[in-house]
Amino acid sequence: MKLYSPATINELKKKYGFRLSKSLGQNFLTDKNIIDKIIEKSMIGKEDLVIEIGPGIGVLTAAAAEAAGKVIAVEIDRNLIPILKETLSEYDNIEIINSDVLKTDFREILEQNREIDGQKIGGIKILGNLPYYITTPIIMKILEDRVPADSITIMLQKEVADRIKAGPGTKVYGALSVAVQYYCTVAHVVNAPKEIFVPQPKVDSTVIRLDIRKEKAVRLNDEAVFFAVVKAGFGQRRKTLLNSLTGVLGLSKEEIASILEAASIDPVRRAETLSLDEFAALSNAIRPEIN
Ligand code: SAM
C-alpha cells in the first residue's frame, strides 16, 4: 500500500468513514522523497527505539519501522487507530499508543522499553509531524523533562524553524532560539512546501533535527536565573539590557548596571545581540557560585 499516495488517503477515508480533523492539524505527507529524507536524516539505526508523535495514517511510521529496532507511535485520534492497524499490519516492530502526547510520560515508555528483542536499545530517536500549535510546547516538554533521547526530528512551520535556528544579531533570534540551543544543536533536514500535504495547509514547513547535547553548551550557576534573564531581555527586545533587565529577580537598575559590568557586557546592548555564552556570563554574574 502506497501510504504517501493521495489516492490511498481517499480510499482509507471512504473505507473507515474517516473525516480529517482540522483542529488536530491533520495534513498528511504525500511526497516520498521528503519522507525518505526525513528518515535518512533522523539517523535511525537497527538497535534504536523511535518514538513517533502523531503518525496519522502511518507514512513516517512505516518508513521508520524499516530502519529502526522498534517504533512506538503516539496518536491522539482514536478514529485513526483501526486505520493504523491496517496500514502497518505487515510490521511486527510497531506499537501504537492512543493518547495525547502532551499528557504522555516519555520516561514511562522508556522504562518499559529498555530492550528490543532481549537486546539493550541503542539510541532513542523522537520523530514528529504535529499540529503547529503543539510543536513548541512538545519540544520544550521533552527538553525540560530531560527525556534521555538522542534527537528530535520535527516538522515545524518554516518561521518557527527559522527562529529556532537563528543566531544573535538577526531579527528572528529570540528566547526560543536561546532555550533550544542551550539544550541542543540544530540541523536543517529538509524544506516541506505546503503543496506536498493533503489537505494543503496555509503555510510552508521545514523539518529540523535537534541533537540533544550530552555535554552542556555553557556552565550555569542557576538555570532558573538564566531563563529569567533570557525571558526578561527578549520580553522588551527594543530596550537596552540595562532597562529590560531592571526589575528582573527584584534587581534595581544600579544592581543590573554593576552585574552587566561584571559580565563585561555593554549596558546599552540589546538582548538580541547576546550569544548563549554571554547570556550565561550575565546570569552567572547575577548568581555567583557559592564557595
Ligand atoms: N505523521 C503523519 C504524516 O506526516 O502524514 C500525520 C501528520 S499530521 C500533521 C499530525 C498528526 O498528529 C495527526 O495524525 C493528528 O491526529 C496527530 N495529533 C494531533 N495532536 C496530537 C496530540 N496532542 N498527541 C498525539 N497526536 C496528535
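A polar contact here is a pair of N or O atoms within 3.5 Å. The model on screen is predicted, and every distance and volume below is computed from it.

**Stop 1: the ligand and its polar contacts**

Select the ligand, then P55. A polar backbone atom of P55 lies 3.5 Å from a nitrogen atom of the ligand. Next select E75, where a polar side-chain atom is 2.6 Å from an oxygen atom of the ligand. Then add N129: one of its polar side-chain atoms is 2.8 Å from an oxygen atom of the ligand. How much of the ligand's accessible area does the protein cover? On its own the ligand has 600 Å² of accessible area, and the protein covers 98% of that.

**Stop 2: the shell around the ligand**

Extend the selection to the residues surrounding the ligand, of which there are 23. The closest are L29, G54, E75, D100 and N129, so two of these names, E75 and N129, are already on display from the polar contacts. Colour the shell by class to get 12 nonpolar, seven polar and four charged residues. Switch to a cartoon and pick out β1, α3 and β3, the elements that give two or more residues to this shell.

**Stop 3: the largest pocket**

Hide the ligand and look at the space it takes. Which space is that? The ligand takes up the largest pocket, whose volume is about 760 Å³. Show the lining, which consists of 38 residues. To centre the view, select L24, G25, Q26, N27 and P131, which lie nearest the centre of the pocket.

Two or more lining residues come from each of these elements: β1 (28–29), β2 (49–53), α3 (59–67), β3 (70–75) and α6 (132–144). Select α6 last; with three residues, α6 gives the most to the lining. Coloured by class, the pocket lining shows 23 nonpolar, 10 polar and five charged residues.

**Stop 4: the cavity**

Rolling a probe the size of a water molecule over the atoms shows where empty space is left. How many cavities of 30 Å³ or more does the structure hold? There is one, and the volume of the largest cavity is about 30 Å³.

To find the largest cavity, select its lining: I38, L60, L127, G128, N129, T153, I154, M155 and V207. N129 is in this list and also contacts the ligand through its side chain. Two strands, β7 (124–129) and β8 (151–157), each supply at least two residues of the cavity lining. By class, that lining has six nonpolar and three polar residues, with no charged ones.

**Stop 5: two backbone details**

Move to the loop between β10 (197–198) and β11 (205–212), and select P199 there. The peptide bond that joins V198 and P199 is cis, with omega about -10°.

Finish in the loop between α6 and β8, where R146 is placed. What is the sign of phi at R146, positive or negative? Phi of R146 is positive, near 50°, in a residue other than glycine.

Technical notes
Residues are numbered from 1 along each chain as its sequence is written. This is a predicted model: local features need pLDDT of at least 70, side-chain atom pairs count only at pLDDT 80 or more; totals for chains, interfaces and linings use all residues. Side-chain values use heavy atoms; hydrogens and water are left out. On a 1 Å grid over the protein atoms alone, a cavity is a set of points where a 1.4 Å probe fits but cannot get out, and a pocket is an open set with protein on both sides within 12 Å along at least five of seven lines; lining residues have an atom within 4 Å of a point. Grid points are joined across faces, edges and corners, and a volume is the space filled by probe spheres set on the points. Helices (H or I, at least four residues) and strands (E, at least two) are DSSP runs, numbered from the N terminus. Ala, Val, Leu, Ile, Met, Phe, Trp, Tyr, Cys and Pro count as nonpolar, Asp, Glu, Lys and Arg as charged, and the others, Gly among them, as polar. A residue is near a molecule or strand if one of its heavy atoms lies within 4 Å of it. A polar contact is a pair of N or O atoms within 3.5 Å; within protein, one must be able to donate a hydrogen and the other to accept it, and residues adjacent in sequence count only if both atoms are side-chain atoms. Accessible areas come from the Shrake-Rupley method with a 1.4 Å probe; for residues, only the protein chains shown count as cover. A molecule sits in a cavity or pocket if more than half of its atoms lie within 2 Å of its grid points.
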